[in-house]
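Biologist: I'm new to this one, so could you take me on a close look at a single part, the empty spaces and what lines them? Take your time and keep it informal.

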Amino acid sequence: MNFIIPSRELLNRLIEMGGLISNKPALPVLENFLFDIKDNTLTIYSTDMETSMVSSLSVEASEDIKFAIPGKMLQDVLRSLPDQPLTFKVDPTSFRVEVIRDNSDYKIAGTSSDDYPKMQEKIVDNAIKIPANILSRAITKTAFATSSDELRVNLNGINLDFKEDRLIFVATDSNRLVRFTRMDVRPGFEASIIIPKKPMNLLSKSLPEDDTEVSVEFNKNTIYFSYGDTELSCRLIAANYPNYEQVIPSENAKDLSIDRGNFYDSINRVSLFANKATQQIRLKITGNELDMRAEDIEMANEGKETLSCNFNGDDLEIGFNARFLKDVISAVDSDEVVLKLSEPNRAGLILPSQNEDNEDITMLIMPMMLGANS
């Protein structure tokens, strides 16, 4: 059978779904995309057994067929071709695929669809709709703070707290924590789930950049995101999330306000001289001056810079991991960033000087002990 489809349109869809294609999958068949052609619609499936994506495209097809085709090879072939209609010719017996353009002909060894995992039946307990740009922003602002520690599986994803009048995204790795709240998304029910980081990052990259509504449906085991012609589903993390409200300090009365760009750039430069293992940077606040210093005593390296700031409180010296500090500052959109501090051994808060409408973002970062050796 034959079908015709524009090369760029197909490639763009495969790139969105290609994050689930692994070089060493649990099953060899998972190196493939599953193509299902029916009534001039191509439905593409991709899965790693934990996360699945389904997407549909219109094609010109002579008949219906279902087959599996190697994911990496097909993407490589499409990347090498100009944007033009391609003819795919599939042998219904051997599932060998010919990709034909002009005077060129490329043959790819496809396989039967019989061994490809079947899609599970959707079971929904709760559902809401979230604009795509808000959902993507929430993921971007939180995913970086998730943990990669396999022994702390409950921290390996983003926690979603559904409240009657707001939606709260939380991520932490115990060294930093981000709480991102949207007051204009009102679920109307109470629930809490943990979504793994990998599918959330995959989702964020594939979402449209506008306010297209994303249907979010879930049960105790699985969550489904549907938008346009695409659906992503993944297993939830079956664990209890820490009580993050308890660890966010409410009495950090020492406020430091500083230009975000200058602050980030200075940390970036000074941290080049930090100990490679600890990445420690010292912040010493005296009046309205912020001194930043990092050193590696063993290598005899030291960097120091001074910036002007607005500070309300007693003089303070505190240490942070420079990489973690840069990560949280990068998540701030406002021109100025606010640090709310307390004592050298207590967590600091990092906030935008002004939140976006209907949004609240609070970030926490744990300090490092200031010892003789940085």
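Modeller: Sure, and let's settle the classes before we start: Ala, Val, Leu, Ile, Met, Phe, Trp, Tyr, Cys and Pro count as nonpolar, Asp, Glu, Lys and Arg as charged, and the others, Gly among them, as polar. Keep in mind too that this is a predicted model.

Let's begin with enclosed space. Searching the whole structure for cavities of 30 Å³ or more turns up 1. The largest cavity has a volume of about 50 Å³. Who lines it? Going along the chain, you meet Arg 137, then the run Ala 331, Val 332, Asp 333 and Ser 334, then Pro 352, then Gln 354, Asn 355 and Glu 356, and finally Glu 359 and Ile 361. Sort that lining by class and you get 4 nonpolar, 3 polar and 4 charged residues. The charged ones are Arg 137, Asp 333, Glu 356 and Glu 359, while Ser 334, Gln 354 and Asn 355 are the polar ones.

Now for the open spaces. The largest pocket comes to about 340 Å³. Its lining counts 17 residues, and those nearest the pocket's centre are Ser 52, Lys 118, Met 119, Gln 120 and Ser 233. Three strands each give at least two residues to this lining: β3 (41-47), β16 (222-227) and β17 (230-235). Of the elements, β17 has the largest share, with 4 residues. By class, the lining of the largest pocket splits into 7 nonpolar, 5 polar and 5 charged residues.

Next comes the second largest pocket, with about 160 Å³ of space. It is lined by Asp 48, Glu 50 and Thr 51, by Pro 196, Lys 198 and Pro 199, and by Cys 234, Arg 235, Leu 236 and Ile 237. Here the elements giving two or more residues are α4 (197-206) and β17. So where have you met β17 already? In the lining of the largest pocket, where this strand supplies 4 residues. The class count for the second largest pocket is 5 nonpolar, 1 polar and 4 charged, and Thr 51 is the polar one.

One last stop, for a side chain in β16 (222-227), a strand that helps line the largest pocket. Lys 122 lies over the face of Tyr 224, 5.3 Å from the centre of the ring.

Definitions and conventions:
Residues numbered from 1 in each chain as written. Predicted model: local features only at pLDDT ≥ 70, side-chain atom pairs only at ≥ 80, totals over all residues. Heavy atoms only, no water. Lys NZ or Arg CZ within 6 Å of the ring centre and 35° of its normal. 1 Å grid on protein atoms, 1.4 Å probe; cavity = no way out; pocket = protein on both sides within 12 Å on 5 of 7 lines; lining within 4 Å. Points joined across faces, edges and corners; volume = space filled by probe spheres on them.
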